[in-house]
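Student: I should like to learn how a surface patch is read from a model. Where should one begin?

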Amino acid sequence: MDYVSALVPPIVMAAFFIGVVRVIVKTQGGAAKAKEDAAVDAALARAEGARQVSGPGQA
């Protein structure tokens, strides 16, 4: 019976991990993808603009 108690935690963790991966895969893309991409692009543009304003010699 010890082998059953030894196998239960890895099996539970594997099932949880599979569930997390399925949720991540299902939430990729879809209707919100364009909105998320636009938010990332805007953040990158702000960061690039701030870098250019400070100049290459200034930190």
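Tutor: Patches are made of residues with over 30% relative accessible area and no salt bridge (a side-chain nitrogen of Lys or Arg within 4 Å of a carboxyl oxygen of Asp or Glu), with like charges joined within 9 Å and nonpolar side chains (Val, Leu, Ile, Met, Phe, Trp, Tyr) within 5 Å. Accessible areas come from the Shrake-Rupley method with a 1.4 Å probe, and for residues only the protein chains shown count as cover. This model is predicted: local features need pLDDT of at least 70, side-chain atom pairs count only at pLDDT 80 or more, and totals for chains, interfaces and linings use all residues. Residues are numbered from 1 along each chain as its sequence is written, and side-chain values use heavy atoms, leaving out hydrogens and water.

Student: Which residues form the nonpolar patch on the surface?

Tutor: Met-1, Tyr-3, Val-4, Leu-7, Val-8, Ile-11 and Val-12 form it, together offering about 750 Å² of accessible area.

Student: Is Ile-11 buried or exposed?

Tutor: Buried means under 20% relative accessible area, exposed over 50%, and partly exposed in between (1.4 Å probe, protein chains only). Ile-11 is exposed, at 55%. Of the 59 residues of the protein chain, 2% count as buried.
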